[in-house]
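Subject: Structure handover, with notes on what was found

Dear colleague,

Please find the structure below, together with its sequence. I have set out afterwards what came out of going through it, and I would be glad if you read the notes with the structure open beside you.

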Amino acid sequence: MGGLFWRSALRGLRCGPRAPGPILLVRHSSGGPSWTRERTLVAVKPDGVQRRLVGDVIQRFERRGFTLVGMKMLQAPESVLAEHYQDLQRKPFYPALIRYMSSGPVVAMVWEGYNVVRASRAMIGHTDSAEAAPGTVRGDFSVHISRNVIHASDSVEGAQREIQLWFQSSELVSWADGGQHSSIHPA
């Protein structure tokens, strides 16, 4: 134990102090900087669920400092998928996409944090697995553009629309401390 503590302390001296997670500020009426919390939809697609990658995805988002505020596993109804992928309805691959997304369970999650929409897109990587960088979810796990493991909202507005589509407000939690768990003590 002691060795681990000292290695960690030395790493902190070499790399500088590291915040335990995103520090978020809310703009007061007096002005000043605004760091608002965003929410985004992240969904592990049927191939990711089948390959048991849900835990890896959750771990990456938790390590990044984001807060999980909603999660469920479901067989996605075609009506939800049609609305979710409405902008792709005229694409030739649309029918195959709907068949694939309804072929098995999906794990839908809502993550919260500062700049979570843009950060999530960077974390998951390029849609095409051949172009996804190593270290991204798709770069590490995707096998083909049609089996790319994960979805994440592409904008704040898109995230709001998708979250309302996949979750009822009663299925989402609000952390009393804003998700910044400074310490946990046994009762």
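Strand 1, which spans residues 37-44, is mostly covered, since 6 of its 8 residues are buried. Please bear in mind throughout that this is a predicted model, and that the values below are computed from it.

Strand 1 pairs with two other strands in what follows. With strand 3 the pairing is antiparallel and extends over 8 bridges, and within it V42 stands opposite M109, while A43 stands opposite A108. With strand 4 the pairing is again in the antiparallel sense, here over 3 bridges, and V44 is found opposite I150 of that strand.

Strand 3 itself, residues 105-114, is likewise mostly covered, with 8 of its 10 residues buried. Strand 2 (residues 67-75) also runs antiparallel to strand 3, and 8 bridges join the two. A108 of strand 3, already named as standing opposite A43, also has K72 opposite it. The charged end of K72, for its part, sits over the ring of F167, at 4.8 Å from the ring centre.

The residue that may interest you at the bench is H151, where the UniProt record, an unreviewed entry, places the feature "active site". H151 lies in strand 4, which covers residues 150-152. Is H151 buried or exposed? Its relative accessible area is 12%, and because buried is taken as under 20%, H151 counts as buried. Leaving aside neighbours within four places in sequence, H151 is in contact with L41, V42, A43, K45, H84, I124, R138 and E162, and V42 and A43 in that list are the residues that stand opposite M109 and A108 in strand 3. The side chain of H151 also makes a polar contact with the side chain of H84, at 3.5 Å.

Lastly, there are the aromatic rings, for which the count comes to 2 aromatic pairs. One of them is formed by F61 and F66, a tilted pair with 6.3 Å from centre to centre and 45° between the planes, and both of these residues are buried. Ring pairs link F61 and F66 with W111 into a cluster.

With best wishes

Methods
Residues numbered from 1 in each chain as written. Predicted model: local features only at pLDDT ≥ 70, side-chain atom pairs only at ≥ 80, totals over all residues. Heavy atoms only, no water. UniProt positions renumbered as here; feature names shortened; annotations may be inferred. Helix = DSSP H or I, 4+ residues; strand = E, 2+ residues; numbered from the N terminus. Buried < 20%, exposed > 50% of the residue type's maximum accessible area, 1.4 Å probe, protein only. Contact = heavy atoms within 4.5 Å. Polar contact = N/O pair within 3.5 Å; in protein donor to acceptor, adjacent residues only side chain to side chain. Pairing = 2+ DSSP bridges. Phe/Tyr/Trp six-rings, centres within 6.5 Å; stacked < 30°, edge-to-face > 60°. Lys NZ or Arg CZ within 6 Å of the ring centre and 35° of its normal.
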